[in-house]
Amino acid sequence: MNVNINLEKYIQTNILPRYDNNYIGDGVDRVEYVINRADEIIAENNLKINADILYTAICYHDIRFDNEEEKHEIKSAKFMYEDSYLNKLFNQEELVIIKEAIEDQRANSKSEPRNIYGKILSSASRNCSIEQCFERSYIYGKNKNPELSDEQIYENAYDALNKKFGNNGYAKFYFKDTKYDNFITKIRYLLANKNNFIKAHKDYINKNHI
C-alpha cells in the first residue's frame, strides 16, 4: 500500500501505540494483518482506491478505549474524525468516507458498508484461517469471562463461530477472495460436527500453550 510518508509516520508514532492497550490478538499485529489482507483483496479484484484513505481507516478502526467491545467502532470513528492532524491532511468529504468505513466494518452489522473502503475494511478484517479463529475466540473468551471454565469457553466459541461463519452465518464478504473462500469451505466442514470442532479447538490451544 503506497501511503503518504508523513501520514504513515504520524500514525505509526501516535496511533498504533494505542493498540498496545488492546487484548492479545487485537494489537498492532492485527492491524498489520488487515493491511496485508486489504492489499490481497485489492490485487485480486484490481480495485482503484486512495491508499491514504484506506490506510487511515484500517489503522483507526479497532482502537479500544479501556478494551470496551461495545460500540468500539463508533468511538474509533469519532476519535479519527476529531484528529487535528487528519483534519489538516484530508478534506471534509474524505474524512466522512473514512468515518463511515470505520463505523460500517463490524461483521455483525445489519447494513452493507456505505462505501468501497468500508467494504474492503470489513472484508480484510475477517479471519481467514481456522487457527486464527481458535486463537482469537479463546483469548476473547478468557478475557471477557475469566470466571468460565475452558469447556464453557470452547462451547461459547463454537456457537459464536457457527453464527458467524456457518452455512447461514452473518459474516459478509464483498469481493472475490480465493483465500477466504478456501477458509470458509474448511471451517464449515469442521463446524458441521460440534464435538469434532471443540476437540480440534482444545487440541490447538493446548498444543500452542495459549
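A residue is taken as buried when its relative accessible area is under 20%. By this criterion, seven of the nine residues of helix 7 are buried in the predicted model, and helix 7 is therefore largely enclosed by the rest of the structure. The buried positions are Y117, G118, I120, L121, S122, S123 and A124. Their packing partners are helix 2 (28–45), helix 3 and helix 6. At the start of helix 7, the backbone nitrogen of Y117 has a side-chain oxygen of N115 within 3.0 Å.

The loop between helix 6 (92–103) and helix 7 (116–124) contains Q105. With a relative accessible area of 4%, Q105 is buried. Apart from residues up to four places away in sequence, Q105 touches H61, H72, E73, L121, S122, S125 and R126; of these, L121 and S122 are among the buried residues of helix 7. The C-alpha atoms of Q105 and G118 are 5.7 Å apart, although 13 residues separate the two in sequence. Another buried polar residue is S76, for which the relative accessibility is 0%. S76 belongs to helix 4 (residues 72–81), and its C-alpha atom lies 13 Å from that of V96, a residue 20 places away in sequence.

The largest nonpolar core comprises 59 residues, and I11, Y60, F165, F183 and I187 have the most contacts inside it. Helix 3 (residues 51–60) gives the most to this core, contributing eight residues. For I11, the contacts beyond four places in sequence are L16, P17, Y55, T56, C59 and Y60; Y60 is itself one of the residues with the most contacts inside the core.

Aromatic side chains form nine pairs. In the pair of F134 and Y204, the ring centres are 5.8 Å apart and the planes meet at 45°, a tilted arrangement. This pair links distant parts of the chain, F134 being in helix 8 (residues 130–144) and Y204 in helix 11 (residues 194–207), 70 residues apart. F134 is buried, at 4% relative accessibility. A second pair, Y138 with Y154, also has a centre distance of 5.8 Å, but its planes are at 25°, so the pair is stacked. Because Y138 lies in helix 8 and Y154 in helix 9 (residues 150–165), the stacked pair ties together parts of the chain 16 residues apart in sequence. Both of these tyrosines, Y138 and Y154, are buried. Ring pairs further join F134, Y158, F197 and Y204 into a cluster. An aromatic ring also faces a charged group at Y81, where K99 lies over the ring face at 5.8 Å from the ring centre.

Side chains of opposite charge can pair when their charged atoms come close. The whole structure contains 13 salt bridges. In the bridge between D177 and R37, the closest N and O atoms are 2.4 Å apart. D177 is in the loop between helix 9 and helix 10 (178–191) and R37 is in helix 2, so the bridge ties together parts 140 residues apart in sequence. Both partners are buried: D177 has a relative accessibility of 3%, and R37 one of 2%.

The bridge between R114 and D104 has its closest N and O atoms 2.9 Å apart. R114 and D104 both lie in the loop between helix 6 and helix 7, ten residues apart, and D104 is buried at 10% relative accessibility. These two residues take part in a network of salt bridges with K99, E100 and E103. A further bridge, at 2.8 Å from N to O, joins the side chains of E155 and K194. E155 is in helix 9 and K194 in helix 11, 39 residues apart. Here the partners are partly exposed, E155 with a relative accessible area of 34% and K194 at 31%.

Most residues other than glycine have a negative phi. Two residues with positive values are N46, with phi near 50°, and H209, with phi near 50°. N46 occupies the loop between helix 2 and helix 3 and is exposed at 56% relative accessibility. H209 is placed in the segment after helix 11 and is likewise exposed, with a relative accessible area of 72%.

Definitions and conventions. Residues numbered from 1 in each chain as written. Predicted model: local features only at pLDDT ≥ 70, side-chain atom pairs only at ≥ 80, totals over all residues. Heavy atoms only, no water. Core = buried A, V, L, I, M, F, W, Y, C linked by side-chain atoms within 4.5 Å. Buried < 20%, exposed > 50% of the residue type's maximum accessible area, 1.4 Å probe, protein only. Helix = DSSP H or I, 4+ residues; strand = E, 2+ residues; numbered from the N terminus. Contact = heavy atoms within 4.5 Å. Phe/Tyr/Trp six-rings, centres within 6.5 Å; stacked < 30°, edge-to-face > 60°. Lys NZ or Arg CZ within 6 Å of the ring centre and 35° of its normal. Polar contact = N/O pair within 3.5 Å; in protein donor to acceptor, adjacent residues only side chain to side chain. Salt bridge = Lys/Arg side-chain N within 4 Å of Asp/Glu carboxyl O.
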